[in-house]
Amino acid sequence: MLAAILLSTLAMTLIVALRYLATSGFFAWLTARRRPGYHARLGPQMRREILWSLASAAIYGIPAGIVGWGWQERGWTQIYTGWQDFPLWYLPLSVLLYLFAHDTWFYWSHRWMHRPRLFRSMHAVHHASRPPTAWAAMSFHPYEALTGAFVIPLLVFVIPIHAAMLGLVLAIMTVMGVTNHMGWEMFPRRLVHSRLGGWLITASHHQRHHEEYRCNYGLYFRFWDRVCGTDKGLSSAI
């Protein structure tokens, strides 16, 4: 059993690392194509971002691997695979529930890490990326990585979700984590400045967090920033 769990955690670590390298690598390449020379002088910073991110991948892989083993071998979780196990209308609802729950945890833990002592010990590594690049999405100190590594693994014990919808949640988490850090806006201006865009976080919104620190703490949605008065709008640099 122990060998199987170790193999599962190793597999999940490799999956998380390869997902990060593929996604960040693609958007870093796209940045170089769309904005030639934009990050040309940030080679040392990007190498540090990659190293920190690969360390984070190992931390994320451990709980994911344990839960993945438990789902397959012990039926521990609320993950299901039959399309008829729940009504079809629940499929998109489950995705929104996961994203909102994750966003809620991220907002409050992120805001907590901006307290001076915690910032120095946990969050300063991430903000050392000035400006952040596509490689910075998982560039965390291990303490910070731990605060995020258990969120989705814990949610699968509480909220039922189809395996495919869980994959969609992880894809959204990965893509938004990368695109929000790459320093330019990939989404159409019409969307970003629309009524709907006013509730979504994109690069323009998160860039302002990296500029001013004490604002714009969310991950997917601007709900908690708006409710708590920490939303300062979009960066003028993008």
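**R208 and its partners**

I looked up R208 first in this predicted model. R208 counts as partly exposed because its relative accessibility is 22%. I then checked its side chain, which meets that of E212 in a salt bridge, 2.8 Å from N to O. The two residues sit 4 apart in helix α9, so about one helical turn separates them. I noted the general rule that residues three or four places apart in an α-helix point the same way, since a turn takes 3.6 residues.

E212 has a relative accessible area of 35% and is partly exposed. I found a second salt bridge on E212, to K232, at 3.7 Å from N to O. This pair links distant parts of the chain: E212 belongs to helix α9, K232 to the segment after α10, and their positions lie 20 residues apart in the numbering. K232 is at 45% relative accessibility and therefore counts as partly exposed. I recorded R208, E212 and K232 as a network of salt bridges.

How many salt bridges are there by this rule? The count comes to 3. Another entry in my list is R222 with D231, whose side chains meet at 2.8 Å, N to O. R222 is at 7% relative accessibility, so R222 counts as buried.

**Helix α9**

I went through the helix that holds R208 and E212. Helix α9 covers residues 203-212 and is mostly covered, with 7 of its 10 residues buried. The buried ones are A203, S204, H205, H206, Q207, H209 and H210. I asked what they pack against, and found α3 (90-112), α4 (116-127), α7 (163-179), α8 (189-192) and α10 (223-228). Just after the helix, Y213 has a positive phi of about 70°.

**Cysteines**

I searched the whole structure for disulfides and found 0. C215 is in none, and its nearest cysteine sulfur, in C228, is 13 Å away. Why is C228 not bonded to C215? The sulfur of C215 is the closest to that of C228, but 13 Å is too far for a bond. C215 is at 0% relative accessibility and so counts as buried, whereas C228, at 25%, counts as partly exposed.

**Nonpolar cores**

I listed the largest nonpolar core, which has 22 residues; Y98, I161, L166, V169 and Y220 touch the most other members. The elements that give two or more residues to this core are β1 (79-80), α3, α6 (151-155) and α7. Another core lies apart from it, with 21 residues, among them V16, M46, A57 and F140.

I took L166 for a closer look. Beyond its neighbours within four places in sequence, L166 is in contact with I79, Y98, I152, V156 and I161.

I also looked up L99, which is placed in helix α3. Is L99 buried or exposed? L99 counts as buried because its relative accessibility is 7%. Not counting residues up to four places away in sequence, L99 touches V169, I172, Y220 and F221. I noted the C-alpha separation of L99 and I152 as 9.6 Å, with their positions 53 residues apart along the chain.

**Surface patch**

My last entry is a nonpolar surface patch of about 870 Å², made by I62, I66, W76, Y143, L146, F150, L154, F157 and V158. The elements that give two or more residues to the patch are α2 (43-74) and α5 (142-149). I located Y143 in helix α5.

Notes:
Residues numbered from 1 in each chain as written. Predicted model: local features only at pLDDT ≥ 70, side-chain atom pairs only at ≥ 80, totals over all residues. Heavy atoms only, no water. Buried < 20%, exposed > 50% of the residue type's maximum accessible area, 1.4 Å probe, protein only. Contact = heavy atoms within 4.5 Å. Patch = residues over 30% accessible without salt bridge, like charges linked within 9 Å, V, L, I, M, F, W, Y side chains within 5 Å. Areas by Shrake-Rupley, 256 points an atom, 1.4 Å probe, with all protein chains shown as cover. Salt bridge = Lys/Arg side-chain N within 4 Å of Asp/Glu carboxyl O. Core = buried A, V, L, I, M, F, W, Y, C linked by side-chain atoms within 4.5 Å. Disulfide = S-S within 2.5 Å.
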